[in-house]
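Student: I have a structure open and a list of terms I keep meeting. Can we go through what earns each label?

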Amino acid sequence: MRLEGQFRVQAAQDSVYDFLTDPAQVSRHMPDVKEVEVQDRDHFTVKARVGISHIKGTMVMKLTITDRQPPTSTTVIGKGTGLASVVDMVTGFTLETTENGETMVNWTGDVTVSGSLASFGPQGLLDRMARKNVETFIEGIRNGIATAIP
C-alpha cells in the first residue's frame, strides 16, 4: 500500500526537521500509542493498539531513522509484529520553505502487511484505517509543532 501527501506548518524548516526526526517528540503524536521506548536518536520502539473489525490487540513497531539529510529529508524504516501479522514500512519526508516562510512537508509511505491483518486489504478496510491514522498523525504533528516551536 502506498500513501503520500503534503501539509504545511507555520515554522522554520530547520525547526520542523528537528521535530520530525526526534523520536520522543514525534511518537507522542502517533495514533493509539500505548508505550514508546527510545533507544537512541535513530532507534525507537512503539507499542500501539490496533483494531480492524474483530481483530484487536497490540502491535510492536521497531523504527529506525535513516538517511538523514538535515534540514531537508529523512527516511524511517519500521517493522511491526503482533496480532498474527507483520507490517513492513518505509516512510520519508522532504521539506521546503514556502514563499511566506511556512514549511511544506511532502511525505510518502510504503506499507506491506502480511498475516491476519492482510485479509482486510481486499475489502479496503486496511486502506481506510491507514488513511485515517495518517490524518490523525498529521493533525497531531501540526499541533505538536505549533506548541513546541514558538
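Tutor: Start with strand 4 and strand 5, which form a hairpin with three residues between them. Keep in mind that this is a predicted model.

Student: How do you know that strand 4 and strand 5 are paired?

Tutor: Pairing needs at least two bridges between the strands. Strand 4 and strand 5 are joined by eight bridges, and they run antiparallel. So the pair meets the definition. Two of the bridges can be named. Thr-66 has Thr-75 in strand 5 as its partner, and Val-60 has Thr-81 in strand 5.

Student: What is special about the peptide bond from Pro-70 to Pro-71?

Tutor: The bond is cis, with omega near -10°. Most peptide bonds are trans. Pro-71 sits in the loop between strand 4 and strand 5.

Student: Why is Gln-69 called partly exposed?

Tutor: Buried means under 20%, exposed means over 50%, and partly exposed is in between. Gln-69 has 39% relative accessibility, so the label is partly exposed. Gln-69 belongs to strand 4. Its C-alpha atom is 9.4 Å from that of Tyr-17, although 52 residues separate the two along the chain.

Student: What makes Asp-67 stand out?

Tutor: Its phi is positive, about 50°, yet Asp-67 is not a glycine. Most residues other than glycine have a negative phi. Asp-67 is in strand 4. With 47% relative accessibility, Asp-67 is partly exposed, because that value falls between the two cut-offs.

Student: And why does Ala-84 count as exposed?

Tutor: The cut-off for exposed is over 50%. Ala-84 has 63% relative accessibility, so Ala-84 passes. Ala-84 lies in the loop between strand 5 and strand 6. Its phi is also positive, near 55°.

Student: Which other residue has a positive phi in the hairpin of strand 5 and strand 6?

Tutor: Leu-83, with a phi near 55°. That hairpin has two residues between its strands. Strand 5 and strand 6 pair antiparallel over ten bridges. In one of them, Thr-81 is matched with Val-86 in strand 6.

Student: Why is strand 5 described as largely enclosed?

Tutor: Count the buried residues. Seven of the ten residues of strand 5 are buried, so the rest of the structure largely encloses this strand.

Student: How do strand 3 and strand 4 pair?

Tutor: They run antiparallel and are joined by ten bridges. At least two are needed, so strand 3 and strand 4 count as paired. Arg-49 stands opposite Thr-58 in strand 4, and His-43 stands opposite Thr-64 in strand 4. Strand 3 and strand 4 also form a hairpin with two residues between them. In its turn, Ser-53 has a positive phi of about 55°.

Student: What order do the strands take in the sheet?

Tutor: The sheet is open and has seven strands, in the order 1-7-6-5-4-3-2, with antiparallel pairing.

Student: What makes strand 1 and strand 2 edge strands?

Tutor: Each of the two pairs on one side only. On average, neighbouring strands of this sheet are turned by 20° against each other, direction ignored.

Student: How do you know that the buried residues of helix 1 lie on the same side?

Tutor: The buried residues of helix 1 are Gln-13, Val-16, Tyr-17, Phe-19 and Leu-20. They cover an arc of only 165° around the axis, which puts them on the same side of the helix. A general rule helps here: residues three or four places apart point the same way, because an α-helix has 3.6 residues a turn.

Student: What does helix 1 lie across?

Tutor: Strand 1, strand 4, strand 5, strand 6 and strand 7. Helix 1 runs at about 165° to strand 6. Helix 3 also packs on the sheet, touching strand 1, strand 3 and strand 7. The direction of helix 3 makes about 20° with that of strand 1.

Student: Which element gives the largest share of the lining of the largest pocket?

Tutor: Helix 3, with nine residues. The lining has 45 residues, and those nearest the pocket centre are Pro-31, Met-89, Asn-133, Val-134 and Phe-137. The space inside is about 1200 Å³. Elements that give two or more residues to the lining include helix 2 and strand 6.

Key. Residues numbered from 1 in each chain as written. Predicted model: local features only at pLDDT ≥ 70, side-chain atom pairs only at ≥ 80, totals over all residues. Heavy atoms only, no water. Buried < 20%, exposed > 50% of the residue type's maximum accessible area, 1.4 Å probe, protein only. Helix = DSSP H or I, 4+ residues; strand = E, 2+ residues; numbered from the N terminus. Arc of directions from axis to C-beta. Axes fitted to C-alpha atoms, helices over the stretch in contact; angles between N-to-C directions. Contact = heavy atoms within 4.5 Å. 1 Å grid on protein atoms, 1.4 Å probe; cavity = no way out; pocket = protein on both sides within 12 Å on 5 of 7 lines; lining within 4 Å. Points joined across faces, edges and corners; volume = space filled by probe spheres on them.
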